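Please open the structure in the viewer and set the display to show the backbone together with the side chains. The tour proceeds from the whole chain to individual residues.

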Amino acid sequence: MSPNKREELKQLISESLRERPDSYTIQSLFEHFPTIPELMDASEPLLMNIKGIGWGNVN
């Protein structure tokens, strides 16, 4: 993924999650799923294991 596309995707996801693009949650998401296909194919249980998305997301 090109650096520009990666930053655009980070921005989109961070806005959707109401997080900063450099937040722990966004960084962790991109560490677990570094490519768009990996992120798009991620199951709900896998996503729910990321702190800030599933466990530890207290509103």
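**Overview of the fold**

Of the 59 residues of the protein, 27% count as buried. The model is a predicted one. Display the backbone as a cartoon: the protein has 4 helices and 0 strands, in the order α-α-α-α along the sequence. With the surface switched on, about 4400 Å² is exposed, of which carbon and sulfur atoms supply 54%. Among contacts between residues at least 6 apart in sequence, 30% join residues at least 24 apart.

**Helix α2 and its cover**

Next, select residues 24–32, helix α2; its buried residues are T25, I26, S28, L29 and F30. Which helices cover them? Adding α1, α3 (36–40) and α4 (44–48) to the view displays elements that are included in this cover.

**K10 in helix α1**

Now select K10, which is placed in helix α1 (residues 3–17). Leaving aside residues up to four places away in sequence, K10 touches P21, I26, Q27 and F30. Centre the view on the ring of F30: K10 lies over its face, at 5.6 Å from the ring centre.

Does K10 count as buried or exposed? K10 is buried, yet it has no salt bridge. Select E7 as well, since E7 carries the nearest side chain of opposite charge, 4.1 Å away from K10; the cut-off for a salt bridge is 4 Å.

**Rings**

Finally, select Y24 and K51: K51 lies over the face of Y24, at 6.0 Å from the ring centre. A search for aromatic pairs in the structure returns 0.

How values were computed: Residues are numbered from 1 along each chain as its sequence is written. This is a predicted model: local features need pLDDT of at least 70, side-chain atom pairs count only at pLDDT 80 or more; totals for chains, interfaces and linings use all residues. Side-chain values use heavy atoms; hydrogens and water are left out. Rings of Phe, Tyr and Trp (its six-membered ring) pair if their centres lie within 6.5 Å; planes under 30 degrees apart count as stacked, over 60 as edge-to-face and the rest as tilted. A charge sits over a ring if NZ of Lys or CZ of Arg is within 6 Å of the ring centre and within 35 degrees of the ring normal. Helices (H or I, at least four residues) and strands (E, at least two) are DSSP runs, numbered from the N terminus. Buried means under 20% relative accessible area, exposed over 50%, partly exposed in between (1.4 Å probe, protein chains only). Lys and Arg count as positive and Asp and Glu as negative; His and the chain ends are not counted. Contact means heavy atoms within 4.5 Å. Accessible areas come from the Shrake-Rupley method with a 1.4 Å probe; for residues, only the protein chains shown count as cover.
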